[in-house]
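Me: I should like to go through the reasoning behind several descriptions of this structure. Please set each value against its criterion.

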Amino acid sequence: MIFVSGKVARDAGRSARVDVFLVVDVSGSTAQYAGSDLGDAGELPDNSGFSGFPTPQITIGGMSVGRPPVRNLRNSILAAEVAAARRLLVQLNPETTRVGVLTFSEGAKLLQPLTSDFERLRRVLDDILRAGPYGGTNMVEGIRMGITELMGLGASEKRTDAVKVQIMLTDGFPTLPIGASRRAAPEDTNLAINAARLAGKAGIKVHVFTLGEEALSYPRAAVGIAQESGGTYTPVIRPADVLSVVENVSVIGVDSVQIVNRTTGQKATQHRLTADGFFSSALPVVEGRNQIDVFARASDGANGSDSITVYYQSGTQKSLELEIFLEKEKKLELEIKRLGRSPAEIQRDVERNREESLRRPQQPPPLTDGPPR
């Protein structure tokens, strides 16, 4: 086995630099159960002191949305969002990729400007879970703040040559500022979609992950945000399953990479393509000359390829890079296996949910006008 790695990008975006802003929903409804016990997924911090009874975000037909909130936030939708963000960080390359973090509920809050210090980012994500959920869902402020930071108009240092994206994790739909967290006002949805349209004009794609039944009950905002910005929409009915699909998003427009040893006809036994375009694999080789072909497919169907030649001679020294890569893959696979569903099953559900969301009538659900209960 040898370790093969590289970077892939579309011709239209060949810059190796990528700026990603994580836009995390911390509204009150994210205290709901994630659908599976997350355990120590993502090495989440302990929240044993959390009381577990925040105010629900809204009420529908006189009943609060979703199941009762959990006492332990480690198994909440918010915990699933944090674990998914941490999982994404594992895949990104800090040498060329910067990541920022903001949260939104009643408004938007900048927690970390764009940085390559991934250890600091992990601490910031842990702080989100420790702070816990609260308030309504102001998506428009979250998107606007993400635009400000990615354009270098806020606290983040500007990079003109970087690919810029927002990754939004949410369990609901907009209820602010017009709905005042009491109802799903169409105006709030329109404001969020208009903000995403501005993001698209600025070259910023917003990739939206909607978690849970509430978000899927009224997907107009999430679908519109993704479409107007040129991003992707990923509906996940069981929030915990986001850990399996968050890594499938490509911020550089390349959907897949395949690595083949043409000399032997064997494909890579382990393979990883990250959101920012870096790929890694373990590839079987034979003594002597090995021709290695790399094939890539872009989101628009375009294809590209490249080849290298490796002359292999066996020895006693092992590749440290290969050992680290295989150990990391094993750990990630165990995290997903612990959730009880295979990535293939989850992906099928995502595709089905996406089709149903696009067919669903885009009228707000009936809501009570009184204060949330």
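Reply: The model is a predicted one. A fitting place to begin is Arg98, where a polar atom of the side chain lies 2.8 Å from the backbone oxygen of Glu157. The side chain of Arg98 also makes a polar contact of 2.8 Å with the side chain of Asp19.

Me: What makes the pair Arg98 and Asp19 a polar contact?

Reply: A polar contact requires N or O atoms within 3.5 Å, one able to donate a hydrogen and the other to accept it. The side chains of Arg98 and Asp19 are joined at 2.8 Å, and that pair is therefore counted.

Me: Why is Arg98 called buried?

Reply: Buried means under 20% relative accessible area. Arg98 has 8% relative accessibility and therefore counts as buried. Arg98 is found in strand 5, residues 97–104. Leaving aside residues up to four places away in sequence, Arg98 touches Val18, Asp19, Val20, Leu114, Thr115, Ser116, Glu157, Lys158 and Arg159.

Me: Is Tyr218 buried or exposed, and how do you know?

Reply: The relative accessible area of Tyr218 is 1%. Since the cut-off for buried is under 20%, Tyr218 is buried. Tyr218 lies in the loop between helix 5 (213–217) and helix 6 (220–229). Tyr218 and Gly172 are 46 residues apart in sequence, and their C-alpha atoms are 8.2 Å apart in space.

Me: How are helix 1 and helix 2 oriented, and what makes that description apply?

Reply: Helix 1 (residues 77–91) and helix 2 (residues 118–131) pack at an angle of about 175 degrees, and their axes are 9 Å apart. Angles over 145 degrees count as roughly antiparallel, so helix 1 is roughly antiparallel to helix 2. By class, their contact has eleven nonpolar, no polar and three charged residues. From helix 1 the participants are Leu78, Ala79, Val82, Ala85, Arg86, Leu89 and Val90; from helix 2 they are Phe118, Leu121, Arg122, Leu125, Asp126, Ile128 and Leu129.

Me: Which strands are the edge strands of the sheet in the order 1-13-12, and why are they called so?

Reply: Three strands form this open sheet, with antiparallel pairing. Strand 1 (2–7) and strand 12 (270–273) are the edge strands, as each pairs on one side only. On average, neighbouring strands are turned by 10 degrees against each other, direction ignored. Helix 8 (residues 320–338) packs on the sheet and touches strand 1, strand 12 and strand 13; the direction of helix 8 makes about 80 degrees with that of strand 12.

Me: How do you know that strand 12 and strand 13 pair?

Reply: Two strands pair if there are at least two bridges between them. Four bridges join strand 12 to strand 13 (residues 278–283), and the two run antiparallel; the criterion is therefore met. Gln270 has Ala282 in strand 13 as its bridge partner.

Me: What makes strand 8 and strand 9 a pair, and in which sense do they run?

Reply: Strand 8 (residues 204–211) is joined to strand 9 by four bridges, and they run parallel. The requirement is at least two bridges, so these strands pair. The bridge partner of Phe209 in strand 9 is Thr234. From strand 9 (residues 233–236), Tyr233 and Pro235 point one way, Thr234 and Val236 the other way, and all are buried.

Me: How many bridges support the pairing of strand 14 and strand 15?

Reply: Strand 14 (residues 288–298) and strand 15 (residues 303–312) pair in the antiparallel sense over ten bridges. Gly288 has Tyr312 in strand 15 as its bridge partner. Their hairpin has four residues between the strands, and Gly301 takes a positive phi near 95 degrees there.

Methods. Residues numbered from 1 in each chain as written. Predicted model: local features only at pLDDT ≥ 70, side-chain atom pairs only at ≥ 80, totals over all residues. Heavy atoms only, no water. Axes fitted to C-alpha atoms, helices over the stretch in contact; angles between N-to-C directions. Parallel < 35°, antiparallel > 145°, perpendicular 65-115°, else oblique. Contact = heavy atoms within 4.5 Å. Nonpolar A, V, L, I, M, F, W, Y, C, P; charged D, E, K, R; others polar. Buried < 20%, exposed > 50% of the residue type's maximum accessible area, 1.4 Å probe, protein only.
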